[in-house]
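Colleague: Got a minute to walk me through this one? I'd like to go piece by piece.

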Amino acid sequence: MDTIENMRVFAAVARHESFTQGAKESAITVQMASKYVRQLEERLKVQLFNRTTRSVSLNDTGKAYLERCLALLEQFDEVESAVKLENSLLKGRIKLTAPTTFGEKYLVPAIASFQLKNPEIVIDLNLTDRKISLVEEGYDLGIRISSLPDSTMIARNLQPMRVCVCASPDYLQTHGQPQHPEQLAEHNCIIDTNFLKENIWQFKVDGKELQVAVKSNFQANTPEANRQMALAGVGIAKCPMYVINQDIISGKLVILFEAYEAYHFSVYAIYPHRKHLSTRVRGLVDHLATQFRQMG
């Protein structure tokens, strides 16, 4: 077994903290995975894991080696990917994360078309509305919807994303339709806790920023949950357009305060400054940029 393959198996075992799962990812038996790691340790003349009958974890030497090992494997894969480009094929693993609703509605279909063109790409996608540290959790790429990208990351703007205030016709018929943002104080507003100032809604009136404090009997950390509550007539919601677009077209929701909109969000692809963007990740980002430009 060559050193590169030994390193791949070692990285898989380290990633899962399990010889069983590492072997499964590597498509070999547990006995072979153990053998390959042992060969690597013998070659290096060090022990890389702390082993017990119930668990396996990297020791300090193993952690240091893993960081260098992943960098070498990345470079090796990029060399192979560069050759593969001659046949328009990319190869390797991409670990990425994205917001749940956006991921389900737009990202997954875009990834599907990417993988149909590049069947040797392995995608590890985590859809979550939890704030994730790309560096600490080992992600190659993150998709974020925000007004400004994280200054500690490299970011590429993939698509502008409008954020609207909306309500159902039933709610407006029952409670009246506010004509000015300041009238929100008289209404129940549905809070999206992903916003930094969740109970302060921003607007632009006569070129000046207006901040309106809103009250609510419901809050959630996903725009889809807030959309559902708006559709049910619970209150007025602030949602990204990708979540409510079809509801606006069908008339199930009505946009409020179009003349006063102040949120300037975009869909960003982000990755750590210290992480070299591999050919396969760059290929995926380019593909997503093309796909997202076609969004309504």
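Modeller: Sure. Start with helix α1, residues 3-16. The helix has 14 residues and spans 20 Å from its first C-alpha to its last, close to the 20 Å expected at 1.5 Å a residue. Keep in mind that this is a predicted model.

Colleague: Which residues of α1 are buried?

Modeller: Asn6, Met7, Val9, Phe10, Ala11, Ala12, Val13 and Ala14.

Colleague: And what happens at the start of α1?

Modeller: Aspartate 2 makes a contact there. One of its side-chain oxygens comes to within 3.2 Å of the backbone nitrogen of isoleucine 4. Just after the helix, glutamate 17 has a positive phi of about 50°.

Colleague: Switching to strands. Is β12 mostly covered or mostly open?

Modeller: Mostly covered. β12 is residues 236-240, and five of its five residues are buried.

Colleague: Which residues sit on which side of β12?

Modeller: Ile236, Lys238 and Pro240 are on one side, Ala237 and Cys239 on the other. Both faces are covered. Side chains in a regular strand alternate between the two faces of the sheet.

Colleague: What does β12 pair with?

Modeller: One partner is β7, residues 163-167, joined antiparallel by four bridges. In that pairing, cysteine 164 has cysteine 239 as its bridge partner. Another is β8, residues 189-192, which runs parallel to β12 with two bridges. There, isoleucine 190 stands opposite alanine 237.

Colleague: Now the empty space. How many cavities of 30 Å³ or more are there?

Modeller: One. The largest cavity has a volume of about 40 Å³. β7 and β9 are the elements that give two or more residues to its lining. β7 gives the most, with three.

Colleague: Who else is in that lining, and what's the chemistry?

Modeller: Among the lining residues are Phe257, Tyr260, Glu261, Ala262 and Tyr263. By class, the lining of the largest cavity has eight nonpolar residues, one polar and one charged.

Colleague: How big is the second largest pocket?

Modeller: About 1,100 Å³. It is lined by 39 residues, and the closest to its centre are Ile145, Ser146, Ser147, Asn194 and Phe265.

Colleague: Which strands supply at least two residues of that lining?

Modeller: β5 (141-146), β9 (200-205), β12 and β14 (265-272) each do.

Colleague: And how do the lining residues of the second largest pocket divide by class?

Modeller: There are 21 nonpolar, eight polar and 10 charged.

Note on methods
Residues numbered from 1 in each chain as written. Predicted model: local features only at pLDDT ≥ 70, side-chain atom pairs only at ≥ 80, totals over all residues. Heavy atoms only, no water. Buried < 20%, exposed > 50% of the residue type's maximum accessible area, 1.4 Å probe, protein only. Pairing = 2+ DSSP bridges. 1 Å grid on protein atoms, 1.4 Å probe; cavity = no way out; pocket = protein on both sides within 12 Å on 5 of 7 lines; lining within 4 Å. Points joined across faces, edges and corners; volume = space filled by probe spheres on them. Nonpolar A, V, L, I, M, F, W, Y, C, P; charged D, E, K, R; others polar. Expected span 1.5 Å × (residues − 1). Polar contact = N/O pair within 3.5 Å; in protein donor to acceptor, adjacent residues only side chain to side chain.
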